[in-house]
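Welcome! Below are a few short exercises, each with a worked solution to follow at your own pace. Have a look at the structure before you begin.

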Amino acid sequence: MGIKREVVLILDFGGQYTQLIARRIREANVFCEIVPYNISPEEIRKKEPKGIVLSGGPASVYVQNAPKCDKEIFELGYPVLGICYGAQLMTELLGGKVAPAPVKEYGKTEIVLNNTIPLFKGIERDTIVWMSHTDQIELPPPDFKVVASTDNCPIAAIANVEKKLYAVQFHPEVSHTHRGTEIIRNFLFEVCDCAADWTMDSLIEQTVKEIKAKVGKHKAVCALSGGVDSSVAAVLVDRAIHDQLVCIFVDTGLLRKNEGDMVIETFRKNYDMNIIRVDARDRFLSRLKGVTDPEEKRKIIGNVFIEVFKEEALKIGDVKFLVQGTLYPDVIESGNGVSSTIKSHHNVGGLPEDIGFELIEPLRMLFKDEVRQVGKELGIPEEILYRQPFPGPGLAVRILGEVTEEKLEILRQADSIVLREMKKFGWYNKVWQSFAILPGIKSVGVMGDERTYAYAIVLRVVDSYDGMTADWTKLPYEILESISTSITNEVPGVNRVLYDITSKPPATIEWE
Ligand SMILES: Nc1ncnc2c1ncn2[C@@H]1O[C@H](COP(=O)(O)OP(=O)(O)OP(=O)(O)O)[C@@H](O)[C@H]1O
Ligand SMILES: O=c1[nH]c(=O)c2[nH+]cn([C@@H]3O[C@H](COP(=O)(O)O)[C@@H](O)[C@H]3O)c2[nH]1
Ligand SMILES: NC(=O)CC[C@H](N)C(=O)O
Ligand SMILES: [Mg+2]
């Protein structure tokens, strides 16, 4: 559902930092949207953006089939900021020249810039920027002037101030660029004339109004997992259409120890909302029987979720809408035609073609920390807001290969020990996620002088800002030790514990 407000568009050329550009813009209280680089000029015009940013990207503009946007974009009258690949592309499309750089620049670089132009207003002439390029601008397009240079890159930024077209070789969006935030703010406020109207209370107010108008006299069901996203979505939609909303919590059989009881209890205690609990354990498990492919598992789970919602909706009657707590990273990771599909999140890419509902996803454009801010504004208790994320497909994506009752039971016990120990040592809220995985490998051990041949459990603990990238947590040895000892002592069928020391990328947070 689109909410009418000022928007800046980011055309994504597959850059590593595209998400960061979005964050920086939103932190300046301006709403922005990431769109595929090949978006048509008509579609852009429909969105009436205040400005456009062209992201970086791995390609070289001069090779065949390099991703290119429509040249007309520069003639629509919108301000444009090209970053790295985006800068090179603007140069090429407007008649300048780009070629491999004789000296490549990576990382910290001293730059001299012309601070009389709006983009660099208030920035000292000599500053530090972050570079990451192998190509460079050799000749600016006609009517552009060079506005920054470094020792090895004589054309480090160009501008056509009159037409509000700017291109920078460096990355203003990364924190290492000393005045990067100010440069982005200058683009938004000095060049695009944005109003900074993107705040959480304005979002709540507008969303409530929109949902009321959209739902009218019909009814909606809300898929409620008890996690942060769906809880915030439920409370928000409840505020709009209280009597017409029924929340459905599905016990998939893939949940953690006592999870169902805890979710229902927390909600009953804090809210007067209409919640039903559906026991679909047998259905999920029988459909997953014999299935080993991770994407197939995810798609089955997505489908069964929808089947359950449909059946419940039929019982309620006149249900036209399904509310989900889908977030921006779910949408981006499921693939948007340009960025590749990393995994099908059960609530986006894992959905069946015909879901039979209209979707209401009020958080679809937000990052997790923004959702927590909305939740805070809505007065949602901390025990819900600061829960670690738990994926909808649950333990099924933490048991590699076929999901069986036996494996679920082992993983459930190991997982509850991980959470217990993390809380005991005061680390539960310091990390993004901490959980156990059952990869299904067995190894030889010795317990009580007897040989064992039992499962290994992998411990995964990560730090992350938004789930898009993550680093493994440098947990103190005493916690690792305590988790390892507790799991091997308390969980029958496990004789070994491993710690996953891979960041994302190259790995993902979950194992499937
Ligand atoms: N057991 C469940 N019952 C009903 N709906 C669910 C269940 N699990 C997931 N969903 C739906 O799928 C959406 C996506 O799940 P996801 O795990 O990303 O979000 P969440 O559970 O709300 O929050 P968190 O990321 O903090 O776990 C949820 O917002 C919810 O709408
Ligand atoms: O609701 C969800 N449905 C899914 O299908 C799904 N897959 C991953 N995740 C969660 O998303 C974040 C990023 O996970 P990955 O690095 O594994 O992609 C992590 O926080 C994961 O736990 C999911 N959440
Ligand atoms: N980070 C980027 O956008 C790189 C752009 C281009 N591929 C280069 O190497 O110069
Ligand atoms: Mg969840």
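**Exercise 1.** Find the salt bridge between lysine 315 and glutamate 312, and work out whether each partner is buried or exposed.

*Solution.* Keep in mind that this is a predicted model.
- Step 1: The side chains of lysine 315 and glutamate 312 meet in a salt bridge, at 3.0 Å from N to O.
- Step 2: Both residues belong to helix α9 (residues 294-316), where they sit three residues apart, about one turn of the helix.
- Step 3: Exposed means over 50% relative accessible area, and buried means under 20%.
- Step 4: Lysine 315 has 62% relative accessibility, so lysine 315 counts as exposed. Glutamate 312 has 10%, so glutamate 312 counts as buried.

**Exercise 2.** Locate the partners of the salt bridge between aspartate 229 and lysine 368, and say which parts of the chain the pair ties together.

*Solution.*
- Step 1: In this salt bridge, the closest N and O atoms of aspartate 229 and lysine 368 are 3.0 Å apart.
- Step 2: Aspartate 229 is found in helix α6 (residues 228-241) and lysine 368 in helix α11 (residues 368-377), so the pair ties together parts that are 139 residues apart in sequence.
- Step 3: Aspartate 229 is buried, at 14% relative accessibility. Lysine 368 is buried too, with 6%.

**Exercise 3.** Repeat the search for glutamate 72 and arginine 45.

*Solution.*
- Step 1: Their side chains form a salt bridge of 3.4 Å, N to O.
- Step 2: Glutamate 72 lies in the loop between β3 (51-54) and β4 (80-83), while arginine 45 lies in helix α2 (residues 41-47), so look 27 residues apart for these distant parts of the chain.
- Step 3: Glutamate 72 is partly exposed at 32% relative accessibility, and arginine 45 is partly exposed at 42%.

**Exercise 4.** Trace the open sheet of nine strands and find which strands stand at the edges.

*Solution.*
- Step 1: The strand order is β2-β1-β3-β4-β9-β8-β7-β5-β6, with mixed pairing.
- Step 2: β2 (32-36) and β6 (126-139) each have a single partner strand, so one side of each is left without a neighbour in the sheet.
- Step 3: From one strand to the next, the twist averages 20 degrees.
- Step 4: At the β2 edge, β1 (residues 8-12) and β2 pair in the parallel sense over five bridges. Here valine 8 stands opposite cysteine 32.

Methods: Residues numbered from 1 in each chain as written. Chains lettered and ligands numbered in written order. Predicted model: local features only at pLDDT ≥ 70, side-chain atom pairs only at ≥ 80, totals over all residues. Heavy atoms only, no water. Salt bridge = Lys/Arg side-chain N within 4 Å of Asp/Glu carboxyl O. Helix = DSSP H or I, 4+ residues; strand = E, 2+ residues; numbered from the N terminus. Buried < 20%, exposed > 50% of the residue type's maximum accessible area, 1.4 Å probe, protein only. Pairing = 2+ DSSP bridges. Axes fitted to C-alpha atoms, helices over the stretch in contact; angles between N-to-C directions.
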